[in-house]
Every structure is written in C-alpha cells, then in structure tokens.
Amino acid sequence: MPDDAAAARAAAEEESAFSHSPVDPDVTAAYGDHPDQVIDFYAPRPVPDSAAPGALAPLVVVLHGGAWRARYDRRHITPFADYLARRGFAVANVEYRRGGEDSAGAPDDGTPPAGRWPDTFDDVAAALDALPALVHEALPQADPRRTVLTGHSAGGHLALWAAARHVLPPDAPWRTDGPADLRGVVALAPIADFEVAEKLDVCAHASLQLLGGPDAFAARRPYADPALLLPTGIATTLVQGRADLVVPEPVAESYADAAAKAGEMVGLTLLGDVGHFPLIDPAAGACAVVAEEIAQLAW
C-alpha cells in the first residue's frame, strides 16, 4: 500500500492532469458507423523553425487511456493532443469502444467493466487501417510517412499492440502481412505485460476484464498482450514514472526485459518522482520529456 504522502502526491497529479479544459479538434472524421469510431485531428501550430518551408509535419497518433473503461473517453487527453500540436506535430486522437454493461467478463462488484472483446481491438485496427486516407482528406499538413504512435496507460497498451499486428498469431483477424509504416512507438506508462499487471492488480484487474474474464484470459493473451508479441522490429520507447501507483514501474520493466529476450532493444525512460498522470499533463515537466521522445523519432 502506498504511504499517505505518495497517495496525496498521486491524487494531486491526477487533479492537475484533469484540470485542463478539453480542446476541440480542427476536424473529426469517422472510421466506422459506431459513435465511438471517430478520430479527432489537430493541425500543427506552428511548424518548428528547424523544418523546411512548406514541409509536412510528422503525424502523432494518440490512443487515450482510462483502463479501457467507458467513463474515460478521448476528451480527457485532448489537452495533451493540443500540446503536441502546438509543438508542430499533426495529431490524430483516436476514439474506440470501451467497456459497457454487456462486456464479457464484467465484474460483479460494481467495478465498471474494462474493454470489449473483440470490439476494442477491432476498432483500433480499423482506425489505424483507415488513417492514411482520413489524414489525406482531413489533415493535409501531415506526413503519414513520419508517423509515431503514442498512448497512455491502457492506450499505451493499445499503441504497443497496434505496432505488433504483424506478429499476431496467424489466425488473428487483426494480423497484417507486414509491420506498420511507423517511425516508432512512444508508450506512456503502458499496461504492457498482462501477467505482471494482474499480479499487481493494475486498475482493478482491468486486463483480465479486457480479455473476457478468467475463463478466457489465458487463451486470449497471445492475441492481446504486448509482452507476448515480440520482436516487432519497430523502434519503441517506454516512458515511465518511477512513482507511478496506477501502472507501477515493474510492468514496463517486464516488457523491456521480454523484448531483450526476444532480441530487441526497447528504450525505457524512467522519470524519478513522477507518477502516472504527469506524462499527459501539459502543466508538468514530464510532458515535455514525452514530446522530446516523440520528436526524436519523428523529425
């Protein structure tokens, strides 16, 4: 259990991250018929001085967190999307279906269900597949050839998963023939190893719920757990607060260790005295570190 000071600091960090007003996008486009199958686009403003005149901006695809639960939608991460846009990136903020009352494996204790199987994965795959065409129409300032995928917490899991679709089992409906055309992935406090996350009771066993409960967990892990989908061959960096009480440091470290055992080096940036939410809080210094990690891959 965290001590009182650590818990108070974590609560203050969360309050700060959620204190910003949502930022409306420049354009919203649908990638499916469900109300949650939409992507918000933010135009770059301004393009950095180092960019050539008239150059297209790198595209950052953002996948929000919230334990794959319905009460957390993309609106809470729009200040972070705007923060990136104000640093010269074109930004695509992806919405997807999250847990609902009919979610398989929903707990009986009143905890909101986490995710929908297979809908959450269907949506992320469909959004990434539709993105190039949508970007061409909605955000002509963006260069899809310089795409970086990022996500926070549960969204960090989805970012790692989306970059690993080419190494999914052959019978997976989301498998692609080859790796995604990405400059890289920057996963922020990701739920990156489901086995470790379950041992630590991350987000009230959200990963267990995402996969449909105890009866389905083991069978579905090879289709959903980033720690089992390695190596990807795609440049990947994890940014993790060492004081994170929501998704603790061992989850990220376990993924990095699994990558190394698979013959792949994954960057792991550990931030001292930083918890879960400063990574997406424009008022926090950790957010600048995240932007720099993205820039190193994108520019």
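**View 1. Pairing of β2 with β4 and β1 in the predicted model.** Strands β2 and β4 run antiparallel and are joined by four bridges, among them the one in which Phe41 has Ala92 of β4 as its partner. On the β1 side, β2 is again held in an antiparallel arrangement by four bridges, and here Val27 stands opposite Phe41.

**View 2. Burial of strand β2.** Five of the five residues of β2 are buried, so this strand is largely enclosed by the rest of the structure. Val38, Asp40 and Tyr42 point one way from the strand, while Ile39 and Phe41 point the other way. In a regular strand the side chains alternate between the two faces of the sheet.

**View 3. The open sheet and its edges.** Eight strands, with mixed pairing, are arranged in the order β1-β2-β4-β3-β5-β6-β7-β8. Because β1 (27-30) and β8 (267-271) stand at the edges with a single partner strand each, one side of each is left without a neighbour in the sheet. From one strand to the next the twist averages 20°. At the β8 edge, β7 (residues 236-241) runs parallel to β8 and is joined to it by five bridges, with Val239 opposite Thr269.

**View 4. Helices α2 and α4 against the sheet.** Helix α2 (residues 78-85) packs on the sheet, where it touches β2, β3, β4, β5 and β6, and its direction makes about 165° with that of β4. Helix α4 (residues 154-162) lies across β3, β5, β6 and β7 and runs at about 135° to β5. Nine of the nine residues of α4 are buried, so this helix is largely enclosed by the rest of the structure; the buried residues include His157, Leu158, Leu160 and Trp161.

Terms used: Residues numbered from 1 in each chain as written. Predicted model: local features only at pLDDT ≥ 70, side-chain atom pairs only at ≥ 80, totals over all residues. Heavy atoms only, no water. Pairing = 2+ DSSP bridges. Helix = DSSP H or I, 4+ residues; strand = E, 2+ residues; numbered from the N terminus. Axes fitted to C-alpha atoms, helices over the stretch in contact; angles between N-to-C directions. Contact = heavy atoms within 4.5 Å. Buried < 20%, exposed > 50% of the residue type's maximum accessible area, 1.4 Å probe, protein only.
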